[in-house]
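What follows is a walk through one protein chain, from its nonpolar core to its charged pairs and then to one of its pockets. Keep the sequence and the coordinates open while reading.

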Amino acid sequence: MAIFSFLFNKHLDKSILVISIAASLLLLGLEEDNKVNSARKISSFLLAPVEEIDKYFVDIARLRDENDKLREILAALYYERGKLLQFEREKKRMRKLLNFRMESHYRFLPCEIVSMSSNRFHHSVTIDRGSGDGVVKGMPVSGYRGIAGRVTQVFPSSSRVILINNRSLSISCRDRRSRVVGILKWDRGRYFNLDFIGSEEDVIVGDTLVTSGLGKVFPRGFQVGVVRQVRKGKGRISKDVTVVSMVDPGRLEELFVIMSGKEWDYRRISRELGKLKNGAE
């Protein structure tokens, strides 16, 4: 090993020349087919670093394109966020003028599911947050896309949550488009029935349902599901409405406990937006 180290450190060019000559002589002694195959292998070996460099620059170009697109999206989101903040101010001012109760904005406590019940009709999970984290019995729980359940038992470092596909749980929902109110109950899998919908009420396929807040169990305005099917009910005085939930209760891994509400803080939001903007630049 010492002699190789000496040759490559002190006489690199000469060592490469000798190796090249030896390889050429070796190739000349081979049969024609073997010469071609060996030449291909050697060229692939020698060109491998060049191909890696070329791939590196292709990746850099792709990342720059993605970064430009993300900057465009970020700029659009800042613009939309600004409009929403303006609408929120106007809404708050109007509610104040009309002497309506001020709306709350909620804090979301992230948590992980540590166990799931095996009961077929009483689906529930255990999360890794408890009274030590501020969780209180009765708090609603959401997934990334909508309401997922409700806290029913609280321990120091964990809590039990019954999911929306639990037979004992009913959710008062409102059609976001038509404002029709009904009671959502689990049927099977991700499918639910929206009960107490009259035959003349305006509910159509594709409508989004949100929590109405009327049951005092879930805060209003959280997405629950989308209307999948509408049919005439028995006696033709009601509609059979099938809904598919926003969250898939059977595939949940992370949840968010919806903590007590607080008033919208414009200054805090502006500070957070400023941090995001500085971080993006």
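The second largest pocket is lined by residues of three classes, and strand S11 gives the most to that lining, with four residues. The model is a predicted one, and the pocket is taken up again after the core and the salt bridges.

The largest nonpolar core has 38 residues. Those with the most contacts inside this core are Ile-127, Ile-147, Leu-184, Leu-194, Val-243, Leu-255 and Val-257. Among the elements, strand S12, which runs over residues 254-262, contributes the most to the core, with four residues.

Val-257 shows what surrounds one of these core residues. Leaving aside residues up to four places away in sequence, Val-257 is in contact with Arg-107, Phe-108, Leu-109, Cys-111, Ile-127, Val-135, Met-139, Pro-140 and Val-141. One of these contacts, Ile-127, is itself listed with those that have the most contacts inside the core.

Ser-142 can be read alongside Val-257. This serine is found in strand S3, residues 140-142. Is Ser-142 buried or exposed? Its relative accessible area is 4%, which is under the 20% limit, so Ser-142 counts as buried. With the same exclusion of residues up to four places away in sequence, Ser-142 touches Phe-108, Ile-147, Ala-148, Leu-255, Phe-256 and Ile-258. Of these, Ile-147 and Leu-255 also belong to the residues with the most contacts inside the core.

The charged pairs come next. The count of salt bridges comes to seven. One of them joins Arg-62 to Glu-66, with the closest N and O atoms 3.2 Å apart. Both residues lie in helix H3, residues 32-97, and they are four residues apart, about one turn of the helix. Arg-62 is partly exposed at 43% relative accessibility, and Glu-66 is partly exposed at 37%.

Another salt bridge pairs Asp-207 with Arg-177, the closest N and O atoms being 2.9 Å apart. This pair links distant parts of the chain, 30 residues apart. Asp-207 sits in the loop between S8 and strand S9 (208-211), while Arg-177 sits in the loop between strand S6 (171-175) and S7. Which side of this pair is buried? Asp-207 is, because its relative accessible area is 5%, whereas Arg-177 is partly exposed at 41%.

A further bridge is formed by Arg-188 and Asp-187, whose closest N and O atoms are 2.7 Å apart. Arg-188 counts as partly exposed at 45% relative accessibility, and Asp-187 is partly exposed with a relative accessible area of 28%. Elsewhere, salt bridges that share partners join Asp-59, Arg-62 and Glu-66 into one network.

To return to the pocket: the second largest one has a volume of about 190 Å³. It is lined by 14 residues, and those closest to its centre are Asn-193, Arg-231, Asp-240, Val-241 and Thr-242. Which elements give two or more residues to this lining? They are strand S7 (181-188), strand S8 (191-195), strand S10 (223-232) and strand S11 (239-245). By class, the lining holds four nonpolar, four polar and six charged residues.

Terms used: Residues are numbered from 1 along each chain as its sequence is written. This is a predicted model: local features need pLDDT of at least 70, side-chain atom pairs count only at pLDDT 80 or more; totals for chains, interfaces and linings use all residues. Side-chain values use heavy atoms; hydrogens and water are left out. On a 1 Å grid over the protein atoms alone, a cavity is a set of points where a 1.4 Å probe fits but cannot get out, and a pocket is an open set with protein on both sides within 12 Å along at least five of seven lines; lining residues have an atom within 4 Å of a point. Grid points are joined across faces, edges and corners, and a volume is the space filled by probe spheres set on the points. Ala, Val, Leu, Ile, Met, Phe, Trp, Tyr, Cys and Pro count as nonpolar, Asp, Glu, Lys and Arg as charged, and the others, Gly among them, as polar. A nonpolar core is a set of buried Ala, Val, Leu, Ile, Met, Phe, Trp, Tyr and Cys residues joined through side-chain atoms within 4.5 Å. Buried means under 20% relative accessible area, exposed over 50%, partly exposed in between (1.4 Å probe, protein chains only). Contact means heavy atoms within 4.5 Å. A salt bridge is a side-chain nitrogen of Lys or Arg within 4 Å of a carboxyl oxygen of Asp or Glu.
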